[in-house]
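Reader: Could you walk me through the pockets and annotated sites here? I would like to follow the reasoning step by step.

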Amino acid sequence: MKEIIIATKNKGKVNEFKEMLNGSGYQVTSLLDYPDSVDVEESGVTFVENAILKAEAISKHYRKITIADDSGLSIDYLNGAPGVFSARYAGEEKNDAANLSKVLTELKGVPEAKRSARFHCALAIASPEKETFTVEGICEGMITEKMEGENGFGYDPIFKPRGREVTMAQLPKEEKNTISHRADALKKLEKGIAQYF
Ligand SMILES: O=c1[nH]c(=O)c2ncn([C@@H]3O[C@H](COP(=O)(O)OP(=O)(O)OP(=O)(O)O)[C@@H](O)[C@H]3O)c2[nH]1
Ligand SMILES: [Mg+2]
């Protein structure tokens, strides 16, 4: 089977890519299968720049077709923060619980009408032979006042997608994988994957 490396060690992302690409005919691996892989510095100022950095570094290193995901949450009341710093918002150790507590504290007392936010996902596909291609996906919603739900990862327990009455973490995974920023981006990328092989 044709292998695609997803250039991430984030288990939440890996699970979602495996589910969304299930039946696509590609063998989906990740950096969890390549534990001694290089750590790529996310020095870009946009999601797209960071996705390109990660995809190109890993595809060059393993000489394999690679997709990287750079994603995060942008909150209007916080002028777009945490944005590209979403994973490390509360510190270098990338602690999901600490990150979302920080957001809840910063939005304490802020009325519902001012709690709008969106998830972004940039995907870059890279190969040693071809030019890198990128797409972006978005999921609009708002920040809740407390954590609810056990599914998903990251900020999902405090993010209510537009048109839903529950948080992303309360939705079944199949539903998240239909409406998420990652699903939106992958739909735009999917048809283009074949030409990399
Ligand atoms: O609730 C969430 N649902 C999602 O669907 C989602 N997607 C991204 N995020 C958040 O944004 C950071 C990305 O940062 P990020 O793209 O640098 O990833 P990462 O550092 O975890 O792994 P890597 O892919 O870089 O190896 C992650 O840590 C999460 O906090 C999400 N939160
Ligand atoms: Mg990262």
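Reader: Which helix gives the largest share of the lining of the second largest pocket?

Author: Happy to start there, with the note that this is a predicted model. The second largest pocket is lined by Gly12, Asn15, Glu16, Glu19, Asn151, Gly152, Phe153, Met168, Leu171, Lys173, Lys176 and Asn177. Two elements, α1 (11–20) and α4 (173–179), each supply at least two residues of that lining. The largest share, four residues, comes from α1.

Reader: Thanks! How do the residues of that lining divide into nonpolar, polar and charged, and what volume does the second largest pocket have?

Author: Among the lining residues are Phe153, Asn15 and Lys173. The lining divides into three nonpolar, five polar and four charged residues. As for the space itself, the second largest pocket has a volume of about 170 Å³.

Reader: Let's move on to the largest pocket. Which residues of its lining are the closest to its centre?

Author: The largest pocket has a volume of about 900 Å³. It is lined by 37 residues, and the closest to its centre are Asn10, Lys13, Glu42, Ala87 and Lys94.

Reader: Which element gives the largest share of the lining of the largest pocket?

Author: Four elements give two or more residues to this lining: α2, β3, α3 (96–106) and α5 (181–193). By character, the lining residues divide into twelve nonpolar, 13 polar and twelve charged. The largest share, four residues, comes from β3.

Reader: Now for the annotations. Which residues does the UniProt annotation "binding site" cover, and which of this set is in the lining of the largest pocket?

Author: According to the unreviewed UniProt entry, "binding site" covers Glu41 and Asp70. They span 30 residues in sequence, but their C-alpha atoms are no more than 12.0 Å apart, so they gather at one spot. The member of this set that the lining of the largest pocket takes in is Asp70.

Reader: Is Glu41 buried or exposed?

Author: Glu41 sits in the loop between β2 (26–30) and α2 (47–62). Its relative accessibility is 63%, and the cut-off for exposed is over 50%. Glu41 therefore counts as exposed.

Reader: And Asp70, is that residue buried or exposed?

Author: Asp70 is found in strand β3 (residues 66–75), and the unreviewed UniProt entry also lists Asp70 under "active site". Its relative accessible area is 3%, and buried means under 20%, so Asp70 is buried.

Reader: With which side chain does the side chain of Asp70 make a polar contact?

Author: Leaving out residues up to four places away in sequence, Asp70 touches Lys13, Glu42, Phe47, Asn50, Ala51, Lys54, Val84, His120, Cys121 and Ala122. The polar contact, at 3.5 Å, is with the side chain of Asn50.

Reader: Two lysines touch Asp70, Lys13 and Lys54. Is Lys13 buried or exposed?

Author: Lys13 is found in helix α1. Leaving aside neighbours within four places in sequence, Lys13 is in contact with Thr8, Lys54, Asp69, Asp70, Ser71, Phe153 and Arg182. With a relative accessible area of 7%, Lys13 is buried.

Reader: What about Lys54, is that one buried or exposed?

Author: The place of Lys54 is in helix α2. Not counting residues up to four places away in sequence, Lys54 touches Ala7, Lys13, Val40, Glu42, Ala68, Asp69 and Asp70. At 8% relative accessibility, Lys54 counts as buried.

Reader: One last residue, Glu136. How many Å separate Glu136 and Ser71, C-alpha to C-alpha?

Author: Glu136 lies in strand β5 (residues 133–143), and at 42% relative accessibility Glu136 counts as partly exposed. Neighbours within four places in sequence aside, Glu136 is in contact with Val48, Cys121, Ala122, Asp184, Ala185 and Lys188. Glu136 and Ser71 are 65 residues apart in sequence, while their C-alpha to C-alpha distance in space is 9.4 Å.

Note on methods: Residues are numbered from 1 along each chain as its sequence is written. Chains are lettered from A and ligands numbered from 1 in the order in which they are written. This is a predicted model: local features need pLDDT of at least 70, side-chain atom pairs count only at pLDDT 80 or more; totals for chains, interfaces and linings use all residues. Side-chain values use heavy atoms; hydrogens and water are left out. UniProt positions are given in the numbering used here, feature names are shortened, and annotations may be inferred rather than shown by experiment. On a 1 Å grid over the protein atoms alone, a cavity is a set of points where a 1.4 Å probe fits but cannot get out, and a pocket is an open set with protein on both sides within 12 Å along at least five of seven lines; lining residues have an atom within 4 Å of a point. Buried means under 20% relative accessible area, exposed over 50%, partly exposed in between (1.4 Å probe, protein chains only). Contact means heavy atoms within 4.5 Å. A polar contact is a pair of N or O atoms within 3.5 Å; within protein, one must be able to donate a hydrogen and the other to accept it, and residues adjacent in sequence count only if both atoms are side-chain atoms. Grid points are joined across faces, edges and corners, and a volume is the space filled by probe spheres set on the points. Ala, Val, Leu, Ile, Met, Phe, Trp, Tyr, Cys and Pro count as nonpolar, Asp, Glu, Lys and Arg as charged, and the others, Gly among them, as polar.
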